[in-house]
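Please open the model in your viewer and keep the sequence panel beside it. The tour below tells you what to select at each stop.

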Amino acid sequence: MGAAVRSPDEEIIVAGRVKWFDPVRGYGFLVPADGQGKDVLLHFSVVSEAGRRTLPEGASLTCAVVARDRGRQARRILSMDLTTAIGPDPESAAARAADRTDPRSMVAAAGPFEPVLVKWFNRLKGYGFVVRPDSAEDIFVHMETVRRAGLVELTPGQPLRARVAPGHKGPLAVLIEAEAGIDSPD
């Protein structure tokens with residue numbers, strides 16, 4: 001008896017991790033778990049059917065795979081776990097960025113300049129909070145707003161002037177400036 005020959009459309013189930021995926025090229029590869037054979041081509045069409053435009057390196061996938069002339073190719077993604085990714089997920093980062101409000105677009109809704117004090121600010125995180133002298137309510141301030149004001153760093157207790165607008169997560173400083181006659185720390 002001869003060896004069993006698979007139909008070209010016969011699917012096998014392969015689990016593994018994303019080796020890389022390049023959305024510009026429109027493809028990437030899945031490294032199968034131990035003993036499941038060679039890498040599997042992940043075409044953009046399969047990724048988009050799973051509701052994504054890209055996949056982060058290290059994400060765990062289970063795919064229905066078919067054999068093609070040039071190797072194995074995923075026909076569809078059956079399950080996906082992004083928590084195993086070893087790098088950032090560009091798609092999640094893009095979604096978070098789209099959710100951010102550009103303070104410059106809110107200037108018209110902001111009140112006049114008023115005195116505020118820096119509560120805390122972290123350059124590495126890229127944000128911090130200021131408060132009005134007579135209130136404990138936090139007012140969010142983003143690093144880009146600080147940069148546009150020509151300031152390098154903010155220190156706790158530093159007096160500033162800010163125009164504040166209502167943001168979707170709370171008050172937002174859309175413009176800031178150093179208090180008149182007070183130099184910003186270098």
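Contact here means heavy atoms within 4.5 Å. Keep that cut-off in mind for the overview. This is a predicted model. Among contacts in the chain between residues at least 6 apart in sequence, 54% join residues at least 24 apart.

**Stop 1: the whole chain**

Show the cartoon. The chain holds three helices and ten strands. Trace these elements from the N terminus: the order is β-β-β-α-β-β-α-β-β-β-α-β-β. Now switch on the surface. The accessible surface of the chain comes to about 11,200 Å², and 54% of that belongs to carbon and sulfur atoms. Of the 186 residues, 32% count as buried.

**Stop 2: the barrel**

Select strands S1, S2, S3, S5 and S4, in that order. These five strands form a closed barrel with mixed pairing. On average, neighbouring strands of this sheet are turned by 50 degrees against each other, direction ignored. Strands of a sheet pair through backbone hydrogen bonds, either parallel or antiparallel.

Which sense do S1 and S2 take? Select residues 12–22 for S1 and residues 27–32 for S2. The two strands pair in the antiparallel sense, over six bridges. Pick Val 18 and look across to S2: Leu 30 stands opposite.

**Stop 3: Ser 60**

Stay with the barrel strands and go to S4, residues 60–68. Ser 60 lies in this strand. Is Ser 60 buried or exposed? Its relative accessible area is 18%, and buried means under 20%, so Ser 60 counts as buried.

Show side chains here. The side chain of Ser 60 makes a polar contact with the side chain of Arg 17, at 3.5 Å. Next, list what surrounds Ser 60. Leaving aside its neighbours within four places in sequence, Ser 60 is in contact with Gly 16, Arg 17, Ser 79, Met 80, Asp 81 and Thr 84.

**Stop 4: salt bridges**

How many salt bridges does a search of the whole structure find? The search finds ten. Three of them are visited below.

Start with Arg 76 and Glu 11. They form a salt bridge, with the closest N and O atoms 2.5 Å apart. This pair links distant parts of the chain, 65 residues apart: Arg 76 is in strand S5 (residues 71–81), while Glu 11 is in the segment before S1. Arg 76 is partly exposed, at 37% relative accessibility. Glu 11 is partly exposed too, with a relative accessible area of 28%.

Move to Asp 22 and Arg 25. Their salt bridge has its closest N and O atoms 3.8 Å apart. Asp 22 is partly exposed, with a relative accessible area of 22%. Arg 25 reaches 54%, and exposed means over 50%, so Arg 25 counts as exposed.

Now select Arg 132 and Glu 137. Their side chains meet in a salt bridge of 3.6 Å, N to O. Add Arg 75 to your first pair as well: salt bridges that share partners join Glu 11, Arg 75 and Arg 76 into one network. As for Glu 137, its relative accessibility of 40% makes it partly exposed.

**Stop 5: strands S6, S7 and S8**

Select S6, residues 114–122. Five bridges join S6 to S7, and the two run antiparallel. In this pairing, Trp 120 has Phe 129 in S7 as its bridge partner. The hairpin of S6 and S7 has four residues between the strands. Find Gly 126 in that hairpin: it takes a positive phi near 85 degrees.

Center on S7, residues 127–131. Four of its five residues are buried, so S7 is largely enclosed by the rest of the structure.

Continue to S8, residues 138–142. S7 and S8 also run antiparallel, joined by five bridges. Pick Phe 129 again: Phe 140 in S8 stands opposite. A hairpin of six residues joins S7 to S8.

**Stop 6: Lys 169**

Finish in the loop between strand S9 (159–167) and strand S10 (170–178), where Lys 169 is found. Is Lys 169 buried or exposed? Lys 169 counts as exposed, at 73% relative accessibility. Draw a distance from its C-alpha atom to that of Ile 139. The two atoms are separated by 10.0 Å, and the residues are 30 apart along the chain.

Methods
Residues numbered from 1 in each chain as written. Predicted model: local features only at pLDDT ≥ 70, side-chain atom pairs only at ≥ 80, totals over all residues. Heavy atoms only, no water. Pairing = 2+ DSSP bridges. Axes fitted to C-alpha atoms, helices over the stretch in contact; angles between N-to-C directions. Buried < 20%, exposed > 50% of the residue type's maximum accessible area, 1.4 Å probe, protein only. Polar contact = N/O pair within 3.5 Å; in protein donor to acceptor, adjacent residues only side chain to side chain. Salt bridge = Lys/Arg side-chain N within 4 Å of Asp/Glu carboxyl O. Areas by Shrake-Rupley, 256 points an atom, 1.4 Å probe, with all protein chains shown as cover.
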